[in-house]
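Visitor: I have a sequence and a structure open in front of me, and I would like to be guided through them by question and answer. Could we go slowly, one step at a time?

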2 protein chains.
Amino acid sequence: MKKQVNPKELDVLLRAAEVACAENGARLTQRRRQVLSELMQSSSPLSAYEVLDLCNRSTTSTMPPMSVYRILDFLEQQQLVHKLSSSSKYVACAHIACDHKHFQKTHFLLCDGCSSVEEVDATEEASEALEQMAKTVGFKLTTQQFELSGICTACQDSAGEGL
Amino acid sequence: MKKQVNPKELDVLLRAAEVACAENGARLTQRRRQVLSELMQSSSPLSAYEVLDLCNRSTTSTMPPMSVYRILDFLEQQQLVHKLSSSSKYVACAHIACDHKHFQKTHFLLCDGCSSVEEVDATEEASEALEQMAKTVGFKLTTQQFELSGICTACQDSAGEGL
DNA sequence: GCGTTAAAGATACAATATATCATATTACGA
DNA sequence: TCGTAATATGATATATTGTATCTTTAACGC
């Protein structure tokens with residue numbers, strides 16, 4: 001579903017993304033901008049083919065699947081987009097317009113109800129506890145990204161409404 | 001790769017699986033047994049099609065992909081097999097022959113080096129910390145399974161060898 | 001044995017992802 | 001500004017993963 005993002009805000013986000021790319025010596029081309037824009041306007045993660053359809057619907061030209069995958073990879077490298085490996089879907093980074101850096105581990109909370117996603121930094125406690133747990137079997141953690149399912153506030157509330 | 005599982009031990013595991021099925025009013029048929037057996041003998045998670053190939057190589061008859069998926073679903077329901085959603089691969093449960101129950105949340109530690117997997121119960125601290133973290137954005141966690149990457153002891157050691 | 005149910009086979013196809021070669025666009029120095 | 005190298009995209013084919021559906025076979029309860 002489409003998220004309510006006003007055009008002005010969207011523009012701010014896209015400009016910020018452009019700057020971020022420039023800082024890495026990369027370019028946010030029209031196609032990349034288009035892909036990113038679709039993800040920014042979605043209230044839930046999208047599969048590569050969903051992105052493809054949206055792009056092909058919004059312009060006359062048609063893009064092949066390969067291009068979408070390439071562009072998604074690029075956007076992921078630029079940390080403008082994250083790939084959720086549990087569902088093979090993509091979300092726009094929640095921190096494009098702020099000065100947030102991906103220093104800490106990132107957790108994605110996926111709502112079972114409405115498919116929305118919250119991107120949160122790992123707390124010190126969580127990082128610590130997970131590392132300790134891994135240590136008990138000799139593992140040294142490398143994951144930078146965790147995906148957890150749950151029920152978001154809105155869905156918890158609306159579940160109660162029926163009563 | 002094949003894990004070193006001696007035939008006797010494998011048999012014990014399969015018998016235990018059979019009993020577990022029976023307790024749920026289900027049957028561990030030949031096919032199901034075959035699929036489970038391949039997973040038990042693998043040192044790393046296998047994709048459905050990898051399981052399929054192994055099964056079709058080890059007998060004269062050939063099984064269609066559909067059957068493997070059905071059987072993997074069945075084995076998952078019986079908690080004899082776990083599906084790793086981050087890689088769409090399957091592993092035999094580490095607790096088939098012991099009286100372990102899946103009460104706590106389960107963490108799978110995936111080694112980046114050798115692809116081996118460790119299945120461990122969540123510590124109280126980790127569960128607590130993750131739930132707290134989710135709570136800060138209003139999420140109520142439902143995930144029962146977590147997948148973390150890292151480097152296992154063996155691979156940490158062998159990385160040092162080259163020096 | 002006979003009908004009911006559960007399991008497996010067969011076939012087709014949908015969804016996800018990559019390999020590779022060709023073309024277009026951009027950046028940039030001569 | 002022109003040529004060239006690097007980057008980005010297009011086009012095509014194909015690999016991989018997963019499902020839908022219908023048929024056949026096997027097991028079980030009576």
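Visitor: How much area do chain B and chain A bury between them?

Guide: This is a predicted model, and every value below is computed from it. The size of an interface is often given as the accessible area lost when the parts come together. Of the area lost here, 70% lies on carbon and sulfur atoms, and the total that chain B and chain A bury between them is about 2700 Å².

Visitor: How many residue pairs are in polar contact between chain B and chain A?

Guide: We can begin with salt bridges, and between chain B and chain A their count is zero. A polar contact is a pair of N or O atoms within 3.5 Å, and if both residues must also have pLDDT 80 or more, the count between the two chains is 14 residue pairs.

Visitor: Which element gives the most to the side of chain B that touches chain A?

Guide: Several elements of chain B supply at least two residues each to that side, among them strand E3 (106–111), strand E4 (117–121), helix H5 (124–135) and helix H6 (153–161). The contact as a whole joins 33 residues of chain B with 33 residues of chain A. The element that gives the most to the side of chain B that touches chain A, with six residues, is H5(B).

Visitor: How many residues on that side of chain B are nonpolar?

Guide: The residues on the side of chain B that touches chain A can be divided by class, which gives eleven polar and five charged ones. The remaining class, the nonpolar residues, numbers 17.

Visitor: Which residue is the bridge partner of A:Gly150 in E5(B)?

Guide: Strand pairing crosses from one chain to the other here, since strand E6 (residues 145–151) of chain A pairs with E5(B) in the antiparallel sense, over two bridges. In E5(B), the bridge partner of A:Gly150 is B:Leu141.

Visitor: Which strands are at the edges of the open sheet of four strands?

Guide: The order of this open sheet is E5(A)-E6(B)-E3(B)-E4(B), and its pairing is mixed. Within it, E3(B) and E4(B) pair in the antiparallel sense over five bridges, and B:Leu109 has B:Glu118 as its bridge partner in E4(B). An edge strand pairs on one side only, and the two that do so are strand E5 (140–141) of chain A and E4 of chain B.

Visitor: Which element gives the most to the surface near DNA strand C?

Guide: DNA strand C is surrounded by 18 residues, and the closest are A:Arg27, A:Tyr69, B:Thr29, B:Arg31 and B:Arg70. Sugar and phosphate account for 55% of the atoms of DNA strand C that come within 4 Å of the protein. By class, the surface near this strand has seven nonpolar, five polar and six charged residues. With four residues, the element that gives the most to it is H4(B).

Visitor: How far is a phosphate oxygen of DNA strand C from an N or O atom in the side chain of B:Thr29?

Guide: Three side chains of chain B can be taken in turn, each by the distance from one of its N or O atoms to a phosphate oxygen of DNA strand C. For B:Ser67 the distance is 3.4 Å, and for B:Arg32 it is 3.0 Å. For B:Thr29 the distance is 2.3 Å.

Visitor: Which element supplies the largest share of the surface near DNA strand D?

Guide: DNA strand D has 19 residues around it, and the closest are A:Thr29, A:Arg31, A:Arg32, A:Arg70 and B:Arg27. Of the atoms of DNA strand D within 4 Å of the protein, 54% belong to sugar or phosphate and the rest to bases. The largest share of the surface near this strand, four residues, comes from H4(A).

Visitor: How far does a polar side-chain atom of A:Arg70 lie from a base nitrogen of DNA strand D?

Guide: It helps to set phosphate and base apart. A phosphate oxygen of DNA strand D is 3.4 Å from an N or O atom in the side chain of A:Ser67, and a polar side-chain atom of B:Tyr69 lies 3.1 Å from a phosphate oxygen of that DNA strand. A polar side-chain atom of A:Arg70 is paired instead with a base nitrogen of DNA strand D, at a distance of 2.6 Å.

Key
Residues are numbered from 1 along each chain as its sequence is written. Chains are lettered from A and ligands numbered from 1 in the order in which they are written. Side-chain values use heavy atoms; hydrogens and water are left out. A residue is near a molecule or strand if one of its heavy atoms lies within 4 Å of it. A polar contact is a pair of N or O atoms within 3.5 Å; within protein, one must be able to donate a hydrogen and the other to accept it, and residues adjacent in sequence count only if both atoms are side-chain atoms. Ala, Val, Leu, Ile, Met, Phe, Trp, Tyr, Cys and Pro count as nonpolar, Asp, Glu, Lys and Arg as charged, and the others, Gly among them, as polar. Contact means heavy atoms within 4.5 Å. Buried area is the accessible area (1.4 Å probe) that two parts lose on being put together, summed over both. A salt bridge is a side-chain nitrogen of Lys or Arg within 4 Å of a carboxyl oxygen of Asp or Glu. Two strands pair if DSSP finds at least two bridges between them.
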